[in-house]
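Here is a short, friendly walk through one structure. Please keep the sequence and the 3D view open as you read.

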Amino acid sequence: MSNPDDVVVVDARRLLCPMPVIRVQNAAKKLSPGARIKAICTDPGALNDIPAWSRINGHKIIEITSKDDEHIIILEVGEQ
Amino acid sequence: MLAARAIQEQGIYVEGLNFFTGFCVEGHTHAIRKKDQNRPKRNNALWVAEQLGIKLHFVDVVEEYKEVLFNPKHGYGANLNPCLDCKIFMVEKALEWIRENDFDFIITGEVIGQRPKSQRKETMPVIARESGAEGLLLRPLCGKNLPATTPEQEGWIDREGLFDFSGRTRKPQMALAKRYGFEEYAQPAGGCCFLTDAPYSVKLADLWKSRGEKEYELDDIMLLKVGRHLRPKPEFKVIISREEGEGKFLQGYKNQYISLKTTSHAGPLALLDGRVEPEDLELAARIVARYSQGRSAEQVELEIREKDGTTRTLSVTPMPPHEIQKEWQL
Ligand code: SF4
């Protein structure tokens, strides 16, 4: 298990779906279960896509926050 | 969706692959255009995977796809869509993926005769052969009309559980969807990407012509989906937002392109793409002013922003509609 304090930041600002999901997916592939990813997105579509992708691939959404036009999604990597 | 469920029904473990070429219709324009923001923004591939209870992997093929699009061995469809080469390429990538991830065979939802060019009885073996997948490519929805594949010969699956759908009718698919209990079954009847779209293909062809070669970056092809494109001179074009959502999107590119914005009147944001000489700025500004609220004013003031952030103001007379040449509009 990784230390949950280690957060890998994925800057997906300006990218349109499904690019933010692809960036998160590629980051997750390199991490072990328990590691966290913080995705910063501007496409509101990511608010649906990243949680949906997490659900079907066994990752867990920890927190979603939106401020102005930026959305931050924190997730915990599951078994892969 | 149906093909995957048919195979799951035979007790086979399935995972999904979704190839991202950069031209996929998925979500993009919805996300850009403000008026579309209330539409559901779900990604169809993810939604389907969730209905099926399978994992889904996105495969970024943006760079590799260029070769397919630039030189399609089997040519283009009605527009710049190289469907047959595209399918061969995707099956080839799927083959690579199953080898790396220890899967046994590939399934697709193709149906003989469903698409005029790429889904004909003659093209089915072409895809299997040229992708290198050969007998490892199974089409559950029309498999009964095709020679037995490796999964059938090896007894991994039962041929009796496959279907014999053919032609453009979707009735059997609808009936099967109902049988499987899928309340919503949405398969696009047209193409799955912008390359099948005539206006989009015109803009892409123009981009290649203006650059003197078939080349593009991801940003180029994203921008082709947004705004009004006018090419008043061979060397450059003006991309003008049509509403607020597009304006916001174009704003994200202001460090890569010279941008123009009307300041004396409400108006669109515009980007200049190509080689712009100082004397071209007035021409571009007059065009942009024409699409602002000041279109009938004597003078309209615009801010011109260079890529490095330096700005200056220009005052111009909006171009009257009859001076905007038809051939400028892409
Ligand atoms: S419509 Fe589908 S098969 Fe045809 S080029 Fe686009 S992605 Fe490929």
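Helix H2 of chain A is mostly covered, with nine of its twelve residues buried (under 20% relative accessible area, 1.4 Å probe, protein chains only). Among the buried ones are A:Ile50, A:Pro51, A:Trp53 and A:Ile56. They pack against elements of both chains, including helix H1 (19–29) of chain A and helix H3 (44–52) of chain B. H2(A) covers residues 46–57 and reaches 16 Å from its first C-alpha to its last. Just after the helix, A:Gly58 takes a positive phi of about 80 degrees.

This is a predicted model, in which local features need pLDDT of at least 70 and side-chain atom pairs count only at pLDDT 80 or more, while totals for chains, interfaces and linings use all residues. Residues are numbered from 1 along each chain as its sequence is written, chains are lettered from A and ligands numbered from 1 in the order written, and side-chain values use heavy atoms, without hydrogens and water.

Now to the charged pairs. The whole structure holds 22 salt bridges over all chains (a side-chain nitrogen of Lys or Arg within 4 Å of a carboxyl oxygen of Asp or Glu). Three from chain B are shown here.

| Pair | N to O distance |
|---|---|
| B:Glu215 and B:Lys66 | 3.7 Å |
| B:Asp220 and B:Arg211 | 2.8 Å |
| B:Arg275 and B:Glu277 | 4.0 Å |

B:Lys66 is buried at 6% relative accessible area, whereas B:Glu215 is partly exposed (20% to 50%) at 26%. Both belong to a salt-bridge network with B:Glu63 and B:Glu217. B:Asp220 is buried at 7%, and its partner B:Arg211 is partly exposed at 34%.

How values were computed: Helix = DSSP H or I, 4+ residues; strand = E, 2+ residues; numbered from the N terminus. Expected span 1.5 Å × (residues − 1). Contact = heavy atoms within 4.5 Å.
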